[in-house]
Amino acid sequence: MSTNASIMVRNGLGYAFHIEGSRPFLDRSQVCSLPLYPELAATTVLAWKKRQPFSVTTTKFIEFAKNFVKTYNNREQ
């Protein structure tokens with residue numbers, strides 16, 4: 001939920017959707033979160049060019065993402 005959306009909701013100008021956990025600093029006493037039913041599911045794809053020179057930061061992020069997926073998949077089995 002963006003800051004603008006938060007301000008609009010606080011002033012009674014509408015409703016906003018956000019992904020659970022996307023705003024960990026959100027003051028929960030001022031927000032009512034309700035799950036959608038039926039549950040909405042989405043997938044995310046991370047792609048990059050092979051043999052592309054990357055910065056150190058990008059290389060580290062790709063390594064982190066690969067390890068995260070590997071760990072997640074091992075947990076699911």
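Let us start with L46, which is partly exposed, with a relative accessible area of 47%. That label applies because the value falls between the 20% limit for buried residues and the 50% limit for exposed ones. Please keep in mind that we are discussing a predicted model. L46 sits in the loop between α1 (3–10) and α2 (56–76).

Which residues join L46 in a nonpolar surface patch? They are W48, F54, F61, F64, F68, V69 and Y72, and with L46 they make a patch of about 810 Å².

L46 also belongs to the lining of the second largest pocket, together with residues including T44, V45, W48 and K66. The volume of this pocket is about 230 Å³. Its lining residues divide into 9 nonpolar, 1 polar and 1 charged.

I turn now to two further places in the loop. P38 lies between α1 and α2, and a cis peptide bond joins this proline to Y37, with omega at about 0 degrees. R51 is found in that loop between α1 and α2 as well. Its phi is near 55 degrees, a positive value in a residue other than glycine. Is R51 buried or exposed? R51 counts as exposed, because its relative accessibility is 80% and the cut-off for that label is over 50%.

Finally, let us consider the chain as a whole. It has 2 helices and 0 strands. Of its 77 residues, 9% are buried. The chain exposes about 7,700 Å², and carbon and sulfur atoms supply 58% of that area.

Definitions and conventions. Residues numbered from 1 in each chain as written. Predicted model: local features only at pLDDT ≥ 70, side-chain atom pairs only at ≥ 80, totals over all residues. Heavy atoms only, no water. 1 Å grid on protein atoms, 1.4 Å probe; cavity = no way out; pocket = protein on both sides within 12 Å on 5 of 7 lines; lining within 4 Å. Points joined across faces, edges and corners; volume = space filled by probe spheres on them. Nonpolar A, V, L, I, M, F, W, Y, C, P; charged D, E, K, R; others polar. Patch = residues over 30% accessible without salt bridge, like charges linked within 9 Å, V, L, I, M, F, W, Y side chains within 5 Å. Areas by Shrake-Rupley, 256 points an atom, 1.4 Å probe, with all protein chains shown as cover. Salt bridge = Lys/Arg side-chain N within 4 Å of Asp/Glu carboxyl O. Helix = DSSP H or I, 4+ residues; strand = E, 2+ residues; numbered from the N terminus. Buried < 20%, exposed > 50% of the residue type's maximum accessible area, 1.4 Å probe, protein only.
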